[in-house]
Amino acid sequence: RPVEPLLKVSGLSVSYGRIRAVDAVDLAVEPGRIVSLVGSNGAGKTTTLMALSGLLPLAAGRIVFAGEDITGLAPELRVSHGIAHVPERRRVFAGMSVRENLALGAYSRGDATEIAGDIERLTQLFPILGKRMHQAAGTLSGGEQQMLAIARGLMSRPQLLIMDEPTMGLAPQMIDLILDTVLEIRKLGTTVLLVEQNAIEAMRLSDHVYIMRLGRIVHEDSGANIDTERVKAFYMGVD
Ligand code: ATP
């Protein structure tokens with residue numbers, strides 16, 4: 001029996017003025033999975049994620065999350081429904097401490113004890129952050145800032161964590177660490193929708209992969225079956 005998807009997107013289209021950046025995209029994310037969206041620059045991956053979290057208006061389409069139509073819902077309400085978005089370029093509040101950044105991620109909840117408990121749990125996932133709690137976020141390394149951005153996303157206790165190129169600009173060792181963390185996050189029960197430039201590595205850790213090109217989904221398969229050679233040849237150019 002097929003599993004009911006946590007996220008189901010149908011006919012998603014997004015335009016910037018006259019440019020249709022995303023064109024009739026269908027995708028489904030089953031609970032407990034890591035699903036990745038790969039494709040060359042300008043394929044429309046970031047635009048798709050932003051539309052899913054309500055940061056861009058849809059030209060057409062429907063978004064169903066946990067059985068509920070959230071197509072017209074404001075971004076902050078999507079957060080309270082269980083969708084967290086870790087945007088591209090790891091935006092952290094540079095002048096605020098690590099702890100303050102994390103507390104902001106919990107804005108949909110008020111309970112201070114609960115928030116402290118969540119911060120404590122997240123430092124088990126990210127020990128480095130635990131050592132830097134009172135340091136200004138702007139003084140962290142790029143990789144540490146990325147961890148903070150992910151941890152802040154998790155502070156809203158999402159069912160679905162949307163991550164946009166979390167390894168961008170990081171050193172190889174840090175890339176491995178971040179991708180390992182994605183696996184940990186799934187283990188802890190959070191579903192992940194990932195956009196990743198390191199397509200081959202992303203495919204290895206994903207349960208399902210969608211390949212995007214010029215605003216459309218051109219291929220999809222399970223992470224195990226996806227033909228990486230074909231992907232490299234047709235969509236990535238180099239890897
Ligand atoms: P990248 O990996 O480079 O971020 P992407 O697959 O995420 O690529 P998008 O950033 O979603 O692609 O861009 C899709 C298309 O929409 C591109 O042609 C891009 O030039 C265009 N686009 C993106 N943002 C805007 C904008 N604010 N205004 C106009 N066009 C835009």
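# Close-up views of a predicted model

**View 1. Asp-23 and its surroundings.** Asp-23 is a residue of strand β2. The model shown here and in the other views is a predicted one. The side chain of Asp-23 makes a polar contact of 2.5 Å with the side chain of Arg-216. Setting aside residues up to four places away in sequence, Asp-23 touches Leu-12, Ser-13, Gly-215 and Arg-216.

**View 2. The sheet that contains β2.** This open sheet has 4 strands, and their order is β2-β1-β4-β5. The pairing in the sheet is antiparallel. Which strands stand at the edges? They are β2 (19-29) and β5 (68-69), and each of them pairs on one side only. Strand β5 is joined to β4 (residues 60-65) over 2 bridges, in the antiparallel sense. In this pair, Val-64 is found opposite Asp-69 of β5. Helix α1 (residues 45-52) lies across β1 (7-16), β2 and β4. The angle at which α1 runs to β1 is about 115 degrees.

**View 3. The sheet of 6 strands.** A further open sheet is formed by 6 strands in the order β6-β7-β8-β3-β9-β10, with mixed pairing. β6 (83-86) and β10 (216-222) are at the edges and have a single partner strand each, so one side of each is left without a neighbour in the sheet. On average, neighbouring strands of this sheet are turned by 15 degrees against each other, direction ignored. As background, the strands of a sheet pair through backbone hydrogen bonds, and the pairing is either parallel or antiparallel. Both senses can be picked out here: β3 and β8 pair in the parallel sense over 4 bridges, whereas β9 (residues 208-213) and β10 pair in the antiparallel sense over 6 bridges. Between β9 and β10, Arg-213 has Arg-216 of β10 as its bridge partner. Arg-216 is also the residue whose side chain is joined to that of Asp-23 in View 1.

**View 4. Strand β8 inside the sheet.** Is β8 enclosed or open to the outside? Of its 5 residues, 5 are buried, so β8 is largely enclosed by the rest of the structure. Thr-191, Leu-193 and Val-195 point one way from the strand, while Val-192 and Leu-194 point the other way. Residues on both sides of β8 are buried. β8 runs parallel to β7, and 5 bridges join the two strands. One residue pair to look for is Met-163 with its bridge partner Leu-194 in β8. Where β8 pairs with β3, Leu-193 has Val-35 opposite.

**View 5. Helices lying across the sheet of 6 strands.** Helix α7 (residues 172-187) lies across three strands, namely β3 (34-38), β7 and β8 (191-195). Its direction is at about 140 degrees to β3. Helix α6 lies across β6 and β7 (160-164), and runs at about 170 degrees to β6.

**View 6. The buried side of helix α3.** Helix α3 spans residues 98-105, and its buried residues are Val-98, Asn-101, Leu-102 and Gly-105. These residues are on the same side of α3 because they cover an arc of only 95 degrees around the axis. The spacing follows a general rule: an α-helix has 3.6 residues a turn, so residues three or four places apart point the same way. What covers the buried residues of α3? The cover includes α4 (112-125), α5 (127-131) and α6 (142-154). Helix α6 was seen in View 5 lying across β6 and β7.

**View 7. The surroundings of the ligand.** There are 13 residues around the ligand, and those that come nearest are Gly-42, Gly-44, Lys-45, Thr-46 and Thr-47. The side chain of Lys-45 has an N or O atom 2.8 Å from an oxygen atom of the ligand. For the side chain of Glu-165, the corresponding distance to a ligand oxygen atom is 3.1 Å. For the side chain of Glu-88, it is 3.5 Å.

**View 8. Ser-222 in β10.** Ser-222 lies in strand β10, one of the edge strands of the sheet in View 3. How much of Ser-222 is accessible? Its relative accessible area is 21%, so Ser-222 is partly exposed. Apart from neighbours within four places in sequence, Ser-222 is in contact with Asp-207 and His-208. Gln-159 is 63 residues from Ser-222 in sequence, and the C-alpha atoms of the two are 21 Å apart in space.

Notes. Residues numbered from 1 in each chain as written. Predicted model: local features only at pLDDT ≥ 70, side-chain atom pairs only at ≥ 80, totals over all residues. Heavy atoms only, no water. Buried < 20%, exposed > 50% of the residue type's maximum accessible area, 1.4 Å probe, protein only. Arc of directions from axis to C-beta. Contact = heavy atoms within 4.5 Å. Pairing = 2+ DSSP bridges. Axes fitted to C-alpha atoms, helices over the stretch in contact; angles between N-to-C directions. Near = heavy atom within 4 Å. Polar contact = N/O pair within 3.5 Å; in protein donor to acceptor, adjacent residues only side chain to side chain.
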